[in-house]
Amino acid sequence: MVREVLKVLIVDDEAGIREGIKRTLTEYTVFVPDTDTEVRFSLECAENGADAICKIESFSPDILLLDYKLPDISGLELLDKIDIKGRQIVVIMITAYASLETAVLAIKKGAEDFLAKPFTPQEIKDLVNKYTCQIIAQRQARKLAEERREVRFQFISVLAHELKAPLGAVEGYLRIMKDKTLGNRIDSYANAIDRSLIRIEQMRKLIADLLDLTKIESGKRDRLIEEVDVCEVAKGSIEMVSHQAAQKGISVELVGEGDTVMEADKSELSMILNNLITNAIKYNKEAGSVRVRIRGDSEFVLISVEDTGIGIREDMIERIFEDFVRVKSRETADITGSGLGLSIVRRLVRLYDGRIEVKSKEGQGSTFTVWLRRHLEGLDRLEAK
Ligand code: ADP
């Protein structure tokens, strides 16, 4: 439970009203259910316009209970003098004669609501309750928007950095060629050309992963949910990497157990399998092996991808699912990647109310296991986070 305190300024020239409201709200608490917040009130009073203006400055109220008729200036004039919107103050006008005309005028000047004298303690509580819920909901929405902005900003900063490095490298190699640093023979530049192509491939992969990620994040991708045999999708993914596996002499085996058909979007399953199987080959040793197991039980379909590769350092096991995180070591120095593949898998797995686990031993290999819920009732509305 979150506890908050809202500040209420009571402006009225009648001492009885000021004291009455103060008494009503002193012990009053509002519970805002959706946000699990309990709100209490800190109270201040002012008996005229000049005093009110001073207290608005010094006390910065969240709610202003403002008498329409004050001895020095009217409540409406006071609204003119303070910047209610900029200060985000909720103003509730207290008035003895609530004519429609004054109501319209006050609302035009930024007041939210009215309370006609005489009023009961319950009426004041109801109004304060209503606007407290509104204020807390707005605060939460603002906080969420700020957090999202911050996450987006960090993502873009890292992305810019990730693109800058390969771009800089390619630029460097091109300059070597332009200045003919290694002479006139094109063969002398073979290494520079190869290194440039690797860097370009790295950027291409990064952009492709980014596109996948944005599609999942935006929720705008049309999902085609149908009965899919995960084994069939795995066969396609293995086929796709067969050349890469053959080059390293890696054998890839597929084992299916039980009922491996589930409700899913085929392209999402492909993304999960492609990423896991590609990693199992990329981070494997020469002549190593990869075993892809698909197993169905009553609730879930399990995909496990086991390799005999370099393994993952214990301190990195949790971190590899974060955006752009890659393990830096001698073994991974020449392996290109964006560091986004497992973030994509993690987001996709959530769409299936599933989870992902990894077991790994450095130098011996890793096993990634994914659980996907077989039936998607209502899950197409889940957001990937
Ligand atoms: P990348 O594009 O770098 O492969 P991923 O998000 O797919 O990005 O993986 C993040 C990091 O996790 C990789 O850079 C690598 O260090 C590590 N990793 C992933 N899969 C494996 C694996 N099967 N074996 C060893 N390390 C792995």
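A residue counts as buried when its relative accessible area is under 20%, as exposed when that value is over 50%, and as partly exposed in between. By this rule S60, at 39% relative accessibility, is partly exposed, and the same words will be used for other residues in this predicted model. S60 sits in the loop between helix 2 (49–59) and strand 4 (63–67), and it has a positive phi of about 45° although it is not a glycine. Q88 also has a positive phi without being a glycine, in this case of about 55°, and its place is in the loop between helix 4 (84–87) and strand 5 (90–95). With a relative accessibility of 48%, Q88 counts as partly exposed.

A further point of backbone geometry concerns the step from K117 to P118, where the peptide bond is cis, with omega near -5°. P118 belongs to the loop between strand 6 (113–116) and helix 6.

From the backbone we can turn to the ligand and the residues around it. There are 18 residues around the ligand, and those that come nearest are N279, Y283, R326, S338 and L342. Sorted by class, this shell contains eight nonpolar, seven polar and three charged residues. Helix 9 (266–282), helix 10 (341–351) and strand 13 (365–373) each contribute at least two residues to the shell.

Which atoms of the protein lie close to the N and O atoms of the ligand can be followed residue by residue. In the side chain of K282, an N or O atom is 3.0 Å from an oxygen atom of the ligand, while D307 places a polar side-chain atom 2.9 Å from a nitrogen atom of the ligand. In G339 it is a polar backbone atom that lies 3.0 Å from an oxygen atom of the ligand. How much of the ligand does the protein bury? Taken alone the ligand exposes 530 Å², and the protein buries 99% of that area.

The next theme is charge. Side chains of opposite charge can pair when their charged atoms come close. In the whole structure, a search finds 27 salt bridges, and a few of them show how such pairs are placed along the chain. One of them joins the side chains of E4 and R139, with an N to O distance of 3.2 Å. Because E4 lies in strand 1 (residues 2–11) and R139 in helix 6 (residues 121–178), this pair ties together parts that are 135 residues apart in sequence. Both partners are partly exposed, E4 at 26% relative accessibility and R139 with a relative accessible area of 25%.

Another salt bridge stays within one helix: R175 pairs with E171, and their closest N and O atoms are 3.2 Å apart. Both residues lie in helix 6, where they are four residues apart, about one turn of the helix. R175 is partly exposed, with a relative accessible area of 47%, and E171 is likewise partly exposed, with a value of 43%.

R185 and D187 form a further salt bridge, in which the closest N and O atoms are 3.3 Å apart. Here the relative accessible area is 57% for R185, so this residue counts as exposed, and D187 is also exposed, at 53%. Salt bridges can also share partners, and in this way D12, E14, D67 and K117 are joined into one network.

The surface also has a nonpolar patch, formed by I186, I193, L197 and I200, which together have about 360 Å² of accessible area. Of these residues, I193 can be placed in helix 7 (residues 190–218), and its relative accessibility of 31% makes I193 partly exposed.

D212 is likewise found in helix 7, and with 21% relative accessibility D212 counts as partly exposed. How far apart are the C-alpha atoms of D212 and F114? They are separated by 52 Å, and the two residues are 98 residues apart along the chain.

A last residue, T37, brings the reader back to the opening definition. Is T37, in strand 3 (residues 37–46), buried or exposed? Its relative accessibility is 0%, so T37 counts as buried. The side chain of T37 is joined to that of T35 by a polar contact of 2.9 Å.

Note on methods:
Residues numbered from 1 in each chain as written. Predicted model: local features only at pLDDT ≥ 70, side-chain atom pairs only at ≥ 80, totals over all residues. Heavy atoms only, no water. Near = heavy atom within 4 Å. Polar contact = N/O pair within 3.5 Å; in protein donor to acceptor, adjacent residues only side chain to side chain. Areas by Shrake-Rupley, 256 points an atom, 1.4 Å probe, with all protein chains shown as cover. Nonpolar A, V, L, I, M, F, W, Y, C, P; charged D, E, K, R; others polar. Patch = residues over 30% accessible without salt bridge, like charges linked within 9 Å, V, L, I, M, F, W, Y side chains within 5 Å. Salt bridge = Lys/Arg side-chain N within 4 Å of Asp/Glu carboxyl O. Buried < 20%, exposed > 50% of the residue type's maximum accessible area, 1.4 Å probe, protein only.
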